[in-house]
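Good morning, and thank you for coming. I should like to take a few minutes to go through one model with you, from the overall fold down to individual side chains.

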Amino acid sequence: MSVVEVSIQINAPIDEVFALAMDPKRTLDWVTIARSVKDVKGSPTAEGFEMKQQLCLRGVPFWVSWDLVEVDAPRFARYEGKGPMRSKALIENRLSEKDGGTLYEYTNEFKAPLGPLGAAASSVVAGGVPEREARASLQNLKQLVESRVRA
């Protein structure tokens with residue numbers, strides 16, 4: 001299993017950050033590896049929400065089906081994902097008010113298929129890309145939210 005943990009301070013109210021981060025219509029505006037979103041069902045801020053995302057790492061596109069399994073708006077959201085070849089992912093978004101803005105903490109746990117062999121192959125293929133992309137995505141989110149607050 002690989003784990004990516006990154007965080008960023010965003011100079012905007014927690015409600016605004018959470019709303020934009022959870023809006024599937026805005027995903028392509030800030031998530032660097034997202035290419036498409038489809039099959040959106042339910043409210044993106046309520047447990048039971050579902051969507052499919054086409055993601056792309058190192059030029060390889062793949063689909064992940066996400067289920068929002070736990071939410072405490074605007075402070076927490078946990079998604080469980082199912083990808084190709086029975087791979088699994090867990091994403092946790094933790095938001096807290098800090099220094100007049102929002103601290104956004106992101107965790108992504110990825111479990112490759114095929115046990116230790118699949119994990120080793122995934123590590124070789126992905127390398128440091130997931131963490132770099134997570135940092136870039138949070139930077140994009142910061143710019144989007146902060147530009148809306150200033151406007």
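Please keep in mind throughout that this is a predicted model.

I begin with the overall architecture. The protein contains four helices and seven strands. Read from the N terminus, the elements follow the order β-α-α-β-β-β-β-β-β-α-α.

How are the strands arranged in the sheet? The seven strands make up an open sheet with antiparallel pairing, in the order β1-β7-β6-β5-β4-β3-β2. At the edges we find β1, residues 2-10, and β2, residues 34-41; each has a single partner strand, so one side of each has no neighbour in the sheet. From one strand to the next, the twist averages 20°.

Within that sheet, let me point to one pairing. Strand β3, residues 50-57, runs antiparallel to β4 and is joined to β4 by eight bridges. One residue pair to look for here is C56 with its bridge partner P61 in β4.

Now to the helices. Helix α1, residues 14-22, lies across β1, β4, β5, β6 and β7. Its direction is at about 160° to β6, which spans residues 88-98. Further along the chain, helix α4 covers residues 129-150 and includes S147. With a relative accessible area of 37%, S147 is partly exposed. The C-alpha atoms of S147 and A12 are 9.4 Å apart in space, although 135 residues separate the two in sequence.

I turn next to the aromatic side chains. The structure has one aromatic pair. It is formed by W66 and Y79 in an edge-to-face arrangement, with 6.2 Å from centre to centre and 75° between the planes. W66 belongs to strand β4, residues 60-72, and Y79 to strand β5, residues 76-82; the two are 13 residues apart.

Are these two rings buried or exposed? W66 counts as buried because its relative accessibility is 6%, under the 20% limit. Y79 is likewise buried, at 7%.

Another tryptophan has a charged residue as company: K38 lies over the face of W63, 4.4 Å from the ring centre.

Finally, some totals for the protein. Of its 151 residues, 38% count as buried. Among contacts with a separation of 6 or more, 46% are between residues 24 or more positions apart. The exposed area is about 8500 Å², and carbon and sulfur atoms supply 52% of that area.

That concludes my presentation, and I welcome your questions.

Key
Residues are numbered from 1 along each chain as its sequence is written. This is a predicted model: local features need pLDDT of at least 70, side-chain atom pairs count only at pLDDT 80 or more; totals for chains, interfaces and linings use all residues. Side-chain values use heavy atoms; hydrogens and water are left out. Rings of Phe, Tyr and Trp (its six-membered ring) pair if their centres lie within 6.5 Å; planes under 30 degrees apart count as stacked, over 60 as edge-to-face and the rest as tilted. Buried means under 20% relative accessible area, exposed over 50%, partly exposed in between (1.4 Å probe, protein chains only). A charge sits over a ring if NZ of Lys or CZ of Arg is within 6 Å of the ring centre and within 35 degrees of the ring normal. Contact means heavy atoms within 4.5 Å. Accessible areas come from the Shrake-Rupley method with a 1.4 Å probe; for residues, only the protein chains shown count as cover. Two strands pair if DSSP finds at least two bridges between them. Axes are lines fitted to C-alpha atoms, for helices over the stretch in contact, and angles run from 0 to 180 degrees between N-to-C directions.
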